[in-house]
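Work through the following exercises with the sequence and the model side by side. Try each task before you read the solution that follows it.

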Amino acid sequence: MPIDPSPPNEEDLVKRLLARDGEAFVWAVRTYQGKMLSLARAIVGEPFAEEVVQDAWLAVIRGLPNFEGRARLETWILRILSNTAKTRLKREIRHRHAHITWEENPPFPERERFGARGHWSSPPLPWHEETPEALLTSEELQHCLTKAVAALPPAQRAVLTLRDSEGLEMEEICNILEISATNGRVLLHRARARLRTVVENYEKGKGC
């Protein structure tokens, strides 16, 4: 039987999931899996992302009887994914003695570009006559940006992914990642500033 592509009422969806309705579960996976995988990649990286998503789905199934509907089901699922990924990140850090951590306020290399009141002291250069979208068609620049995103601290990468790739509102992002609104704005600003610097360097011929 084909699966109804229309979004079900969320309350009905939760009831069907609790009743172990296979069709409802397939709909949920098709709907939420992409964002879960994107957020997992942002926090723990590609090698562990799929495993984290699988663990998160198990946590979702176990936790569904306690879902109170205080947030959207998608937000609740992504918050479980975020916590699962953070736990996995901490475990990998312990095992590998890695220096990277989940920090809400990591060092900010572009700090010198801002004054004491947070305004630009060294404003970004105007974009090249080509639009940012046109620049993104450059394979070399895409490589630079991919490399820059991968080098961002996990918290910055997670906020950037949820806002600019998945289109979530900041309030929802802060709810998912369990961070304050102020920290959410700072993390997004720092991530975007870093990527803007990469584009500026590219336009100046400095490479990545």
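**Exercise 1: A residue and its surroundings**

Decide whether Arg 190 is buried or exposed, and say where along the chain Arg 190 is placed.

Solution. The relative accessibility of Arg 190 is 12%, and since buried means under 20%, Arg 190 counts as buried in this predicted model. Next, look for the element that holds this residue: Arg 190 belongs to helix H9, which covers residues 181-203. Finally, consider a partner from another part of the sequence, namely Leu 152, which is 38 residues away from Arg 190 along the chain, while their C-alpha atoms are separated by 9.3 Å.

**Exercise 2: How helices H7 and H8 pack**

Describe the packing of H7 and H8, and state which residues make the contact.

Solution. Begin with the general idea that two packed helices are described by the angle between their axes and the distance between the axes. For helix H7 (residues 154-165) and helix H8 (residues 170-177), the angle is about 140° and the axes are 10 Å apart. An angle over 145 degrees would count as roughly antiparallel and one of 65 to 115 as roughly perpendicular, and H7 and H8 are therefore oblique to each other. Their crossing is right-handed. As the next step, list the residues on each side: H7 contributes Ala 158, Val 159, Leu 162 and Arg 163, and these meet Met 170, Ile 173, Ile 176 and Leu 177 of H8. Sorted by class, this contact of H7 with H8 contains seven nonpolar residues, no polar residues and one charged residue.

**Exercise 3: The surroundings of H7**

Find how many residues of H7 are buried, and name the helices against which the buried residues pack.

Solution. Of the twelve residues of H7, nine are buried, so H7 is largely enclosed by the rest of the structure. Reading along the helix, the buried residues are Pro 154, Ala 155, Gln 156, Arg 157, Ala 158, Val 159, Leu 160, Thr 161 and Leu 162. These buried residues pack against helix H2 (22-44), helix H4 (73-96), helix H6 (139-151), H8 and H9. After H7 comes Gly 167, which has a positive phi, near 75°.

**Exercise 4: Two aromatic pairs**

Classify the pair of Phe 25 and Trp 57, and then the pair of Trp 27 and Tyr 32.

Solution. The structure holds three aromatic pairs, and two of them are worked through here. The ring centres of Phe 25 and Trp 57 are 5.6 Å apart and the ring planes lie at 65°, so this pair is edge-to-face. The pair links distant parts of the chain, with Phe 25 in helix H2 and Trp 57 in helix H3 (residues 46-63), 32 residues apart. Their accessibilities can be read next: Phe 25 has a relative accessible area of 32% and is partly exposed, whereas Trp 57, with 9%, is buried. Trp 27 and Tyr 32 also form an edge-to-face pair, with 6.2 Å centre to centre and 85° between the planes, and both Trp 27 and Tyr 32 are buried.

**Exercise 5: Positive phi outside glycine**

For Arg 20 and Glu 178, state the phi angle, the place in the chain and the degree of exposure.

Solution. Arg 20 is not a glycine, yet its phi is positive, about 60°. Arg 20 is found in the loop between helix H1 (10-18) and H2, and at 73% relative accessibility Arg 20 counts as exposed. Glu 178, which is not a glycine either, has a positive phi of about 55°. Glu 178 lies in the loop between H8 and H9, and at 46% relative accessibility Glu 178 counts as partly exposed.

**Exercise 6: The contact of H4 with H8**

Describe how H4 packs on H8, and sort the contact residues by class.

Solution. H4 and H8 pack at an angle of about 45°, and their axes are 7 Å apart. That angle makes H4 oblique to H8. On the side of H4, the contact involves Glu 74, Thr 75, Leu 78, Arg 79, Ser 82 and Lys 86, which meet Glu 172, Asn 175, Ile 176 and Leu 177 in H8. Sorted by class, the contact of H4 with H8 has three nonpolar, three polar and four charged residues.

Note on methods: Residues are numbered from 1 along each chain as its sequence is written. This is a predicted model: local features need pLDDT of at least 70, side-chain atom pairs count only at pLDDT 80 or more; totals for chains, interfaces and linings use all residues. Side-chain values use heavy atoms; hydrogens and water are left out. Helices (H or I, at least four residues) and strands (E, at least two) are DSSP runs, numbered from the N terminus. Buried means under 20% relative accessible area, exposed over 50%, partly exposed in between (1.4 Å probe, protein chains only). Axes are lines fitted to C-alpha atoms, for helices over the stretch in contact, and angles run from 0 to 180 degrees between N-to-C directions. Angles under 35 degrees count as roughly parallel, over 145 as roughly antiparallel, 65 to 115 as roughly perpendicular and the rest as oblique. A crossing is left-handed if the near helix is turned anticlockwise from the far one by less than a right angle, and right-handed if clockwise. Contact means heavy atoms within 4.5 Å. Ala, Val, Leu, Ile, Met, Phe, Trp, Tyr, Cys and Pro count as nonpolar, Asp, Glu, Lys and Arg as charged, and the others, Gly among them, as polar. Rings of Phe, Tyr and Trp (its six-membered ring) pair if their centres lie within 6.5 Å; planes under 30 degrees apart count as stacked, over 60 as edge-to-face and the rest as tilted.
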